[in-house]
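The following exercises invite the reader to examine one protein model, step by step. Each task is followed by its worked solution.

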Amino acid sequence: MAVDVFPWTKSKSSRNTHFRGTRQRKCGQKHTYLATTQTRKPSFPNLDFSRCFRSPIISLNVHFLLLSLLCPVHSSQLGTHHPVANQTFHPLEELHKFKTIKNRLHKINKPPVKTIQSPDGDIIDCVVSHKQPAFDHPLLKGQKPLDPPERPRGHNERGDLSENFQLWSLSGESCPEGTIPIRRTTEQDMLRASSISRFGRKKIIKRVRRDTSGNGHEHAVGYVTGDQYYGAKASINVWAPLVENQYEFSLSQMWVISGSFGDDLNTIEAGWQVSPELYGDSYPRFFTYWTTDAYQATGCYNLLCSGFVQTNSKIAIGAAISPTSSYNGGQFDISLLIWKDPKHGNWWLEFGSGILVGYWPSFLFTHLGDHASMIQFGGEIVNSGSSSGSHTSTQMGSGHFAEEGFAKASYFRNLQVVDWDNNLIPLSNLRVLADHPNCYDIQGGVNNAWGNYFYYGGPGRNVKCP
């Protein structure tokens with residue numbers, strides 16, 4: 001059965017719709033703080049406060065901490081019914097925490113040549129391309145981004161998708177040539193993180209096999225294995241699924257995988273995700289990820305560590321995607337291609353048809369320094385309610401089961417892999433797997449219009465998934 005899809009004909013008037021939830025802080029929104037006035041600066045001979053804290057939150061917290069050191073408050077002064085009467089406050093530990101945040105932000109946020117305010121509240125910094133975080137890596141210091149590689153044969157470069165698919169670009173502003181747009185990381189972003197030391201990284205998953213749901217991670221995926229793979233391509237339907245709480249997420253992505261499923265697992269990942277913890281809102285955002293040791297100590301999301309080298313001046317990794325698909329209405333999907341450059345061995349990422357985003361240098365990896373042994377496509381959520389006995393209501397994809405089909409369920413279409421000779425070829429042995437089919441399921445198929453495809457997703461908690 002032929003299925004028609006019109007992914008890029010949605011009217012501009014709907015570009016700002018279909019987003020659920022609100023940002024925790026928007027540009028220009030006022031905050032109320034408890035302020036105190038000081039006429040004299042205290043003297044701390046062993047602490048260096050000569051540098052100004054530019055962040056209002058950090059500066060006010062440091063201000064409060066200094067007062068706490070000078071004027072400690074005893075629980076007897078607060079009364080027996082005060083909520084903090086039995087708690088211990090450690091001002092030096094808190095001061096260390098905020099200094100750690102300040103130092104991390106200084107490392108992540110590079111000096112911009114231009115700043116753009118996004119309609120959704122993001123701040124986009126235009127950073128000189130060879131000063132982006134990737135070039136903090138010892139093996140990249142002093143270098144500049146590489147020129148584009150040869151595309152895989154059989155790849156369509158019609159340029160179906162405009163680069164104006166993100167909310168920040170609707171401002172009408174753009175970054176100058178020679179710079180790249182980077183979503184600015186704020187102190188609020190870091191304070192939301194469950195662990196400041198692991199900010200920008202996925203939580204460590206002790207068992208990362210996709211036929212398990214260890215650590216509350218649940219999947220509905222299609223995958224191929226048993227061969228040597230040098231890349232993959234797919235078109236992914238974009239939605240704005242509901243996420244139950246701050247420490248859960250819902251994503252749809254491609255995984256390029258090599259190594260065993262132990263501590264040596266190498267992955268390259270790209271797709272879209274809704275992550276309130278990472279971004280502070282419920283917008284679907286374009287993201288990348290990589291690891292070379294099963295998410296333990298290497299890799300990160302987007303440009304939050306030295307690794308991925310961005311070459312595009314019009315796409316901001318981590319920025320919100322607009323428009324999105326609507327139930328029984330207009331549909332919008334994005335095409336992603338990841339492939340290994342035969343000449344230099346780096347793994348490149350392309351968005352749409354012909355829009356290069358950047359590359360992961362081959363030296364980042366061990367097993368992926370050669371080829372991938374598995375390709376996966378599909379959805380993943382975090383179910384933090386597993387310990388309480390009640391399943392999360394976080395949605396995967398559209399929040400509807402695969403059987404509802406086009407315009408209702410989420411899909412991946414035109415699934416392909418790159419072979420040893422740099423050719424894009426159809427899949428020959430796609431398998432599908434859902435960890436908890438009563439919560440999120442998947443159904444695969446093949447037709448002339450979409451090639452290999454599958455529908456997937458679900459609502460999470462329901463009568464059959466209590």
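**Exercise 1. Identify the residues with the most contacts inside the largest nonpolar core, and the strand that gives the most to this core.**

Solution. The largest nonpolar core holds 81 residues, and Trp 360 and Phe 377 have the most contacts inside it. A nonpolar core here is a set of buried Ala, Val, Leu, Ile, Met, Phe, Trp, Tyr and Cys residues joined through side-chain atoms within 4.5 Å. Next, consider the contribution of strands: strand 13 gives the most, namely six residues. Finally, another core of twelve residues lies apart from the largest one, and its members include Tyr 230, Leu 337, Leu 356 and Val 418. In soluble globular proteins, nonpolar side chains tend to be buried together.

The model is predicted: local features require pLDDT of at least 70 and side-chain atom pairs pLDDT 80 or more, while totals for chains, interfaces and linings use all residues. Residues are numbered from 1 along each chain as its sequence is written, and side-chain values use heavy atoms, with hydrogens and water left out.

**Exercise 2. Describe the protein as a whole: how many helices and strands are there, and what percentage of residues is buried?**

Solution. The protein contains five helices and 18 strands; these are DSSP runs numbered from the N terminus (helices: H or I, at least four residues; strands: E, at least two). Of its 466 residues, 53% count as buried, where buried means under 20% relative accessible area, exposed over 50%, and partly exposed in between (1.4 Å probe, protein chains only).

**Exercise 3. Locate the cis peptide bond and state where its proline lies.**

Solution. The cis bond joins Ser 322 and Pro 323, with omega at about 5 degrees. Pro 323 is placed in the loop between strand 9 (309-310) and strand 10 (333-340). As background, most peptide bonds are trans, and most residues other than glycine have a negative phi.

**Exercise 4. Determine for Ala 407 and Asn 414 whether each is buried or partly exposed.**

Solution. Begin with Ala 407, whose phi is positive, near 70 degrees. Ala 407 sits in the loop between strand 13 (372-382) and strand 14 (410-418), and its relative accessibility of 8% makes it buried. Turn then to Asn 414, which has a positive phi of about 50 degrees and belongs to strand 14. Asn 414 is partly exposed, because its relative accessible area is 25%.

**Exercise 5. State what distance separates the C-alpha atoms of Leu 105 and Met 190.**

Solution. Leu 105 lies in helix 3 (residues 91-108) and is buried at 10% relative accessibility. Although Leu 105 and Met 190 are 85 residues apart along the chain, their C-alpha atoms are separated by 8.7 Å.
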